[in-house]
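Reader: I have a structure to look at and would like to know how its labels are justified. Please take me through some of them.

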Amino acid sequence: MNPDTPIYAARRARAAAQLGEGGIAIVPTAPVQMRNRDADFPYRHDSYFYYLTGFTEPHAWLVLTADGRSTLFCQPKDLEREIWDGIRLGPEAAPAALGVDEAFSVDELDQRLPQLLENRATVWYPFATHAGLEGRIDGWLGKVRARVRFGALAPEAQRDLCAVLDEMRLVKDAHELGLMRRAALISAGAHVRAMQRSARMLRAGQEVCEYHLEAELLHEFRQHGAQFPAYGSIVAAGANACVLHYRADRAPVRAGELVLIDAACELDGYASDITRTFPADGKFTGPQRVLYELVLASQQAAVDATRPGARFTDPHEATVKVLTQGMLDLGLIDKDQHGTLDDAIARRAYFAHYMHRTSHWLGMDVHDCGSYVEPSEVGQVSERRDPLSGELIKDRPARILRPGMVLTIEPGLYVRPSEKVPREFWNIGIRIEDDAVVTDGGCELITRGVPVDPGAIEALMGD
């Protein structure tokens with residue numbers, strides 16, 4: 001038995017206890033995705049399924065009942081396929097290895113699911129996460145209803161299992177936080193490696209492209225055992241940094257320009273998420289440093305606002321206040337047009353140069369699950385008009401932060417060429433992102449293995 005098996009068993013027990021009398025939950029893992037022709041994308045399990053099982057093979061399903069009983073459907077042992085695709089655990093070994101009560105071949109799924117659904121009150125499954133799942137469940141329920149003349153009862157209600165699992169996953173346990181700290185450490189090392197290579201190659205007079213720096217990231221991820229990048233790596237040199245979801249490509253990395261890298265690894269099913277912006281040759285210019293220090297100050301304001309009892313939106317509001325004042329002071333926002341700080345914030349004047357939120361949940365998924373609305377206050381609704389789009393927005397009280405929640409803190413500033421802003425700031429894009437664990441007294445930044453202070457960055461790249 002895997003030493004982590006009791007962790008997954010405890011999660012299944014917690015989930016089962018919330019299904020209600022006569023409840024049954026069905027959780028499939030992710031399908032295999034074909035890349036092209038006979039080549040598949042590298043397989044990645046479904047996060048909900050993995051959270052409850054710790055099982056990474058494809059073609060698997062978990063069935064959980066309110067009394068806590070768990071049934072796994074998985075690929076049967078098959079010597080010929082295992083020669084090609086790798087060793088399978090198989091249903092015979094699954095109960096001992098994974099701690100489930102029983103296991104069957106996935107080939108028996110359609111036969112056994114109607115039997116398991118019979119005489120249940122409510123069927124739970126993740127809504128809108130697996131294409132075709134609803135139809136398949138309808139088919140199984142149809143077989144149950146075909147037996148009503150023999151006394152069978154079909155579930156009368158269907159409920160979204162995400163509502164249960166999202167709340168469980170939102171607060172991380174010690175096991176999860178240990179993995180996330182390790183992933184953050186690996187990712188920080190990858191950023192350090194990319195920074196140093198950029199400066200080293202430019203000092204040597206070598207041609208540097210964005211893909212050279214991406215190669216350093218990927219090497220460091222795998223060198224330390226991470227299975228995947230947590231998301232598509234962004235390596236954006238010069239003006240490319242003003243494109244929020246730019247991908248590492250062939251653009252040259254030039255001395256005198258900034259490089260924005262947003263990249264991190266996934267380790268054992270858990271993501272990290274880091275962004276750093278640094279001078280390609282290791283030395284900030286005056287305008288670059290001015291904008292960088294503004295973004296860094298806004299991030300510190302957000303960090304200070306991240307603590308138990310605060311709202312999820314508090315870090316964003318703290319960031320916006322600092323950034324907007326800085327933009328007014330530097331001429332990125334016209335004081336004559338937008339007035340005071342409060343007026344500029346109310347009009348969202350900052351949006352031209354800061355158009356994304358400051359935070360998102362982080363966990364198994366880089367944009368992790370969990371409501372951003374406080375559940376106990378979901379009925380409190382106010383309406384407002386967005387000053388830029390005119391869209392009617394319904395505001396509800398933001399989530400109250402609790403110890404064990406993990407969120408990113410990632411303010412940015414992006415200045416495209418415009419006659420409305422000083423020319424010395426054109427084509428500068430800056431983002432600074434760290435991963436924060438909410439603690440009893442504030443928050444812990446687990447990604448500071450790579451520096452954010454401009455002087456420390458210059459010292460690191462000067463080595």
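**Labels and their reasons**

Author: This is a predicted model. In helix α10, the buried residues are Q288, L291, Y292, L294, V295, L296, S298, Q299, A301, A302 and V303.

Reader: How do you know that the span of α10 agrees with its 19 residues?

Author: At 1.5 Å a residue, α10 should span 27 Å, and its end C-alpha atoms lie 27 Å apart, so the two values agree.

Reader: Why is the aromatic pair of F312 and W361 called tilted?

Author: The structure holds nine aromatic pairs. In the pair of F312 and W361, the centres are 4.8 Å apart and the planes make an angle of 55°. The centres must lie within 6.5 Å, and planes under 30 degrees apart count as stacked and over 60 as edge-to-face, so 55° is called tilted. F312 is in the loop between α10 and α11, W361 in the loop between α13 and β15, 49 residues apart. Both F312 and W361 are buried, and with Y372 they form one aromatic cluster.

Reader: Why is C265 called buried, and what is C443 called?

Author: Buried means under 20% relative accessible area, and C265 has 0%, so C265 is buried. C443 has 22%, which lies between 20% and 50%, so C443 is partly exposed.

Reader: Why does C265 form no disulfide?

Author: The closest cysteine sulfur, in C369, is 19 Å from the sulfur of C265; a disulfide needs the sulfur atoms within 2.5 Å, so this is too far for a bond. A search of the whole structure finds zero disulfides.

Key:
Residues are numbered from 1 along each chain as its sequence is written. This is a predicted model: local features need pLDDT of at least 70, side-chain atom pairs count only at pLDDT 80 or more; totals for chains, interfaces and linings use all residues. Side-chain values use heavy atoms; hydrogens and water are left out. Rings of Phe, Tyr and Trp (its six-membered ring) pair if their centres lie within 6.5 Å; planes under 30 degrees apart count as stacked, over 60 as edge-to-face and the rest as tilted. Helices (H or I, at least four residues) and strands (E, at least two) are DSSP runs, numbered from the N terminus. Buried means under 20% relative accessible area, exposed over 50%, partly exposed in between (1.4 Å probe, protein chains only). The expected span of a helix is 1.5 Å times one less than its number of residues.
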